[in-house]
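Trainee: Hi! I have just opened this one for the first time. Could you walk me through it?

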Amino acid sequence: MEIVNAVGRRKGAVARVYATSGKGAIFINGKELKDYFPQAHVQDKVLAPFTLIQGDNVYDWNVNVAGGGFKGQAEAVRMGISRVLVKISEDNRKPLKELKFLTRDARVVERKKYGKPKARKSFQFSKR
């Protein structure tokens, strides 16, 4: 099998995911999944497509991810893995689409406006 790749995005994070035939190892930016994302709930986000599909792990996953924070990166990786699984087998599309793993979540942080401390928060108003 040749290399199958896809891109996943979330917030400011961009993940490029590559699948090759192997034993099921996941490497993110050269580190293992447990080393790159030490928190269990973040690892669960990345592994969610595999638990949903329940296929035997016959692919090695190599992921390059940049930008954003750990949560955005984890969800970008999840989207990239889901897209690769759909490229491998079209049967995977329906369950992944039901949980919105294939949909780009476009919500990003609203920009800060001038004259305000945050995006919408205002300084305390004083009439006199």
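Trainee: Let's start with the rings. How many aromatic pairs does the structure hold?
Mentor: There are three aromatic pairs in it. Keep in mind that this is a predicted model. One of the pairs is edge-to-face: the ring centres of Tyr36 and Phe37 lie 4.9 Å apart, and their planes meet at 85 degrees, which is over the 60 degrees needed for that label.

Trainee: Is Phe37 buried or exposed?
Mentor: Phe37 counts as buried, because its relative accessibility is 2% and the cut-off for buried is under 20%.

Trainee: And its partner Tyr36, how is that one classed?
Mentor: Tyr36 has 22% relative accessibility, so it counts as partly exposed.

Trainee: Which residues do ring pairs link into a cluster?
Mentor: That cluster is made of Phe50, Tyr59 and Trp61.

Trainee: Back to Phe37 for a second. I noticed Gln43 there; what does Gln43 touch?
Mentor: Setting aside residues up to four places away in sequence, Gln43 touches Phe37, along with Leu33, Lys34 and Pro38. Gln43 sits in helix α2, which covers residues 40–53. Its relative accessible area is 11%, so Gln43 is buried.

Trainee: Let's zoom out. How many helices and strands does the protein have?
Mentor: It has four helices and five strands. Starting at the N terminus, the order is β-β-β-β-α-α-β-α-α. The protein is more spread out than a compact globule, because its radius of gyration is 18 Å, well over the 14 Å that the globule rule gives for 128 residues.

Trainee: What does the C-alpha trace span along its principal axes?
Mentor: About 75 × 30 × 25 Å.

Trainee: How much of the protein is buried?
Mentor: Buried residues are 31% of the 128 in the protein. The accessible surface is about 8500 Å², and carbon and sulfur atoms account for 52% of that.

Trainee: What about contacts between residues that are 24 or more positions apart?
Mentor: Among contacts with a separation of 6 or more, 66% join residues 24 or more positions apart. For a pair that is far apart along the chain, look at Val7 and Gly80: they are 73 residues apart, yet their C-alpha atoms are separated by 5.0 Å.

Trainee: Where is Val7 placed, then?
Mentor: Val7 belongs to strand β1. With a relative accessible area of 28%, Val7 is partly exposed. Its contacts, leaving aside neighbours within four places in sequence, are Val14, Ala15, Arg16, Gly80 and Arg83.

Trainee: New topic: loops. What is notable about phi of Lys11?
Mentor: Phi of Lys11 is near 50 degrees, a positive value in a residue that is not glycine. You will find Lys11 in the loop that joins β1 (4–10) and β2 (13–21). Its relative accessibility is 39%, so Lys11 counts as partly exposed.

Trainee: And what is phi of Asn29?
Mentor: Phi of Asn29 is near 50 degrees, and that is again a positive value in a residue other than glycine. Asn29 is in the loop between β3 (26–28) and β4 (31–32). Asn29 is partly exposed, with a relative accessible area of 32%.

Trainee: Last one, on charges: how far apart are the mean positions of the positive and negative charges?
Mentor: The protein has 27 positive and 12 negative charges, and their mean positions are 17 Å apart.

Key
Residues are numbered from 1 along each chain as its sequence is written. This is a predicted model: local features need pLDDT of at least 70, side-chain atom pairs count only at pLDDT 80 or more; totals for chains, interfaces and linings use all residues. Side-chain values use heavy atoms; hydrogens and water are left out. Rings of Phe, Tyr and Trp (its six-membered ring) pair if their centres lie within 6.5 Å; planes under 30 degrees apart count as stacked, over 60 as edge-to-face and the rest as tilted. Buried means under 20% relative accessible area, exposed over 50%, partly exposed in between (1.4 Å probe, protein chains only). Helices (H or I, at least four residues) and strands (E, at least two) are DSSP runs, numbered from the N terminus. The radius of gyration is taken over C-alpha atoms; the globule rule is 2.2 Å times the number of residues to the power 0.38. Contact means heavy atoms within 4.5 Å. Accessible areas come from the Shrake-Rupley method with a 1.4 Å probe; for residues, only the protein chains shown count as cover. Lys and Arg count as positive and Asp and Glu as negative; His and the chain ends are not counted. The place of a charge is taken as NZ of Lys, CZ of Arg, CG of Asp or CD of Glu.
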